[in-house]
Amino acid sequence: MTSILILNGPNLNLLGTRQPEVYGSETLSDVEKMCKTHGQALDIDISCLQSNHEGALIDALHAAKSKFKGVVLNAGAYTHTSVALMDAIASVSLPVIEVHLSNIHARETFRHKSFIAPVALGQICGFGSHGYILAIDALVKHLAGSTA
Ligand code: CA2
């Protein structure tokens with residue numbers, strides 16, 4: 001069965017506790033449940049992991065190589081700072097789709113830069129938690145095309 005990892009970065013464990021106008025009112029657990037339910041409908045296995053630590057996210061990407069066919073990644077603020085995460089994605093050569101709840105391009109200038117985007121299959125932002133569903137669908141379609 002196709003397996004996809006949903007990987008969330010720093011502070012996303014606090015989802016639903018403040019700034020609902022920016023990030024929505026769902027908790028991370030709600031978002032993860034939604035992804036798993038969507039995975040069941042598509043007959044794919046969805047695993048979820050969140051960490052506030054850059055090294056743990058890098059370790060998760062390295063480990064993903066042998067366990068998953070692709071990754072949906074919301075790297076949180078590390079998106080805008082982490083060359084190390086960019087290098088990790090490039091080194092595992094797994095398809096990674098970058099997701100953001102908010103439209104990072106419509107926010108502060110420092111959020112416009114993504115170190116993930118150049119090594120990602122694509123970027124989805126601004127659609128709230130639905131972005132994770134869009135990313136799963138895009139990854140599944142990509143994987144179907146790459147094995148056909
Ligand atoms: O829009 C996104 O998904 C972000 O990745 C969220 C990050 C932010 O630094 C990025 O620029 C864009 C912030 C995640 C923090 O999320 C919280 C949500 C509610 C309460 C506390 C933190």
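**Exercise 1: contacts with the ligand**

Work out how far a backbone N or O atom of Leu101 lies from an oxygen atom of the ligand, then look at the side chains of His80 and Arg111.

*Solution.* Keep in mind that this is a predicted model.
- Step 1: Start with Leu101, where a backbone N or O atom is 2.7 Å from a ligand oxygen. The cut-off for a polar contact is 3.5 Å, so this pair counts.
- Step 2: Go on to His80, which places a polar side-chain atom 2.7 Å from an oxygen atom of the ligand.
- Step 3: Finish with Arg111, whose side chain has an N or O atom 2.8 Å from an oxygen of the ligand.

**Exercise 2: the ligand's surroundings**

Find out where the ligand sits, how much of its accessible area the protein covers, and which classes of residue make up the shell around it.

*Solution.*
- Step 1: Look for the largest pocket; that's where the ligand sits.
- Step 2: On its own, the ligand has 510 Å² of accessible area, and the protein covers 96% of that.
- Step 3: Sort the shell by class: you get eight nonpolar, seven polar and two charged residues.
- Step 4: Pick out the nearest of the 17 residues around the ligand: Asn74, His80, Leu101, Ser102 and Arg111.

**Exercise 3: the cysteines**

Decide how many disulfides the structure has, and check Cys48 and Cys125.

*Solution.*
- Step 1: Search the whole structure, and you find zero disulfides.
- Step 2: For Cys48, the nearest cysteine sulfur belongs to Cys35, 5.7 Å away. A disulfide needs the sulfurs within 2.5 Å, so Cys48 is in none.
- Step 3: For Cys125, the nearest cysteine sulfur is again that of Cys35, 17 Å away, and Cys125 is in no disulfide.
- Step 4: Compare exposure: Cys48 is partly exposed at 23% relative accessible area, while Cys125 counts as buried at 14%.

Note on methods. Residues are numbered from 1 along each chain as its sequence is written. This is a predicted model: local features need pLDDT of at least 70, side-chain atom pairs count only at pLDDT 80 or more; totals for chains, interfaces and linings use all residues. Side-chain values use heavy atoms; hydrogens and water are left out. Buried means under 20% relative accessible area, exposed over 50%, partly exposed in between (1.4 Å probe, protein chains only). A residue is near a molecule or strand if one of its heavy atoms lies within 4 Å of it. A polar contact is a pair of N or O atoms within 3.5 Å; within protein, one must be able to donate a hydrogen and the other to accept it, and residues adjacent in sequence count only if both atoms are side-chain atoms. Accessible areas come from the Shrake-Rupley method with a 1.4 Å probe; for residues, only the protein chains shown count as cover. On a 1 Å grid over the protein atoms alone, a cavity is a set of points where a 1.4 Å probe fits but cannot get out, and a pocket is an open set with protein on both sides within 12 Å along at least five of seven lines; lining residues have an atom within 4 Å of a point. A molecule sits in a cavity or pocket if more than half of its atoms lie within 2 Å of its grid points. Ala, Val, Leu, Ile, Met, Phe, Trp, Tyr, Cys and Pro count as nonpolar, Asp, Glu, Lys and Arg as charged, and the others, Gly among them, as polar.
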